[in-house]
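Grab a pencil and keep the viewer open. Here are a few exercises, each followed by a worked solution.

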Amino acid sequence: MRPIGGYFEWEFPSAKGQQLHKNAVYLNSGRHALEYILKGLGNIHCLWIPYFTCDAVMLPIQRVGVSWKFYHINEKLEIADNLELGENEFILYTNYYGIKDEYSKLLAKQYGEKLILDNAQALYCRSVSSSHQFYSPRKFMGMPDGGLAVTTVPDTTGELPIDKSFDRCKHLLKRIELPPSEGYSDFKDVSKAITEAPLCQMSNLSKSIFASVDLDGIKHKRRENFESIHKALNASNRLQIPSIDSFECPLVYPYWADNGDSLKKKLIEQQVFVATYWPNVFEWAKQNDLEYELANHVVCIPIDQRYGNEDMKRIASIIL
């Protein structure tokens with residue numbers, strides 16, 4: 001029986017405009033979306049994964065009991081060698097910084113159903129029907145949790161419980177009224193809770209938030225900020241940035257500098273919080289590997305929808 005009356009819930013009116021990934025399966029995080037795909041694929045003899053990726057992918061791989069091997073990438077952030085996959089072998093490729101959409105399409109043509117695209121950093125990257133892909137919306141907007149899988153594996157979501165997210169919102173509320181540092185420990189606690197959670201359907205709260213967000217506005221502002229900072233930093237950026245017309249929407253602006261490690265510290269001192277993608281690479285790769293260099297010296301500059309041209313100018317002035 002539906003309750004009538006009483007106090008109000010927090011309302012999230014559905015936004016008009018773009019709908020992302022109409023055929024997506026809604027799950028409780030990006031890593032759980034990968035777990036869902038791996039379980040659906042079943043008999044995987046080996047999964048090839050890049051040295052340069054987040055160790056979050058390891059948990060679902062280990063949960064499902066899949067064997068894995070590492071591969072290297074080159075300076076264009078593309079697979080270094082031509083990997084020939086054996087029977088029941090699959091390959092996972094990370095759409096780095098959300099700027100490798102075009103290359104992801106080429107890989108889909110090459111590997112087809114044996115390809116899993118990690119689009120955690122590329123929420124807007126259009127899915128390809130021949131391959132599998134997963135997304136992490138909370139990297140692009142304020143959500144307590146949630147992930148998407150677009151895949152051809154059998155739909156088993158009806159067998160999964162619906163997650164609950166009401167106790168994972170403290171850091172989101174603090175971020176509105178307090179400095180970021182005040183909610184950071186809560187953010188870490190939520191990340192830990194998501195890691196430990198079993199595979200579930202996305203919570204009703206996270207679904208409501210995702211449906212209420214101005215997706216078109218987010219995309220427009222991110223692309224605008226990306227172009228702005230790119231104009232200022234392109235000449236000194238060691239990373240070859242593809243044409244902005246070749247990708248839908250970036251997560252960050254990747255700036256590869258010889259002094260990237262010290263530059264990160266300098267920016268953080270100036271209240272520009274830049275993440276290192278990814279600390280685990282320092283353990284996985286050798287010190288003379290390209291992946292080690294990228295993790296150490298690529299500065300991932302925030303270009304999200306909260307900021308504008310003046311913020312990009314400020315960041316550029318600190319760097320230059």
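**Exercise 1.** Which residue follows α8, and what is the sign of its phi?

Solution. This is a predicted model, so the angle is a computed one. Step past the end of α8 and you land on Gln271, with a positive phi near 65 degrees.

**Exercise 2.** Work out which side of α8 is buried and what it packs against.

Solution. Start with the burial cut-off, under 20% relative accessible area. In α8 (residues 260-269), Gly260, Leu263, Lys264 and Leu267 are buried. These residues span an arc of only 105 degrees around the axis, so they sit on the same side of α8. Next, look at the face turned away from that buried side: here you find the exposed residues Lys265 and Glu269. Finally, list the neighbours: the buried residues of α8 pack against β8 (252-256), α10 (290-297), β9 (298-302) and α11 (309-319).

**Exercise 3.** Trace the strand order of the seven-stranded open sheet, then place β6 in it.

Solution. The order reads β1-β7-β6-β5-β4-β2-β3, with mixed pairing. At the edges are β1 (25-27) and β3 (68-71), each pairing on one side only. From one strand to the next, the twist averages 20 degrees.

Now for β6 (residues 132-135). With β5, β6 runs parallel, joined by four bridges; Asp118 has Phe134 as its bridge partner in β6. With β7 (residues 147-150), β6 pairs in the antiparallel sense over three bridges, and Tyr135 partners Leu148 there.

Then check the faces. As a reminder, side chains alternate between the two faces of the sheet in a regular strand. In β6, His132 and Phe134 lie on one side and Gln133 and Tyr135 on the other, and all are buried.

**Exercise 4.** Find what the Glu248 salt bridge ties together, and compare the burial of its two partners.

Solution. Glu248 pairs with Arg126, their closest N and O atoms being 3.3 Å apart. Glu248 sits in the loop between α7 (215-233) and β8, and Arg126 in the loop between β5 and β6, so the bridge ties together parts 122 residues apart in sequence. As for burial, Glu248 counts as buried at 17% relative accessibility, whereas Arg126 is exposed at 59%.

**Exercise 5.** Which residues make up the salt-bridge network that includes Glu35?

Solution. The network links Glu35, Lys39 and Arg63. Within it, Arg63 and Glu35 meet at 3.1 Å, N to O. Arg63 lies in α2 (residues 58-64) and Glu35 in α1 (residues 30-41), 28 residues apart. Arg63 is partly exposed at 35% relative accessibility, while Glu35 is buried at 5%.

Conventions
Residues numbered from 1 in each chain as written. Predicted model: local features only at pLDDT ≥ 70, side-chain atom pairs only at ≥ 80, totals over all residues. Heavy atoms only, no water. Pairing = 2+ DSSP bridges. Helix = DSSP H or I, 4+ residues; strand = E, 2+ residues; numbered from the N terminus. Axes fitted to C-alpha atoms, helices over the stretch in contact; angles between N-to-C directions. Buried < 20%, exposed > 50% of the residue type's maximum accessible area, 1.4 Å probe, protein only. Arc of directions from axis to C-beta. Contact = heavy atoms within 4.5 Å. Salt bridge = Lys/Arg side-chain N within 4 Å of Asp/Glu carboxyl O.
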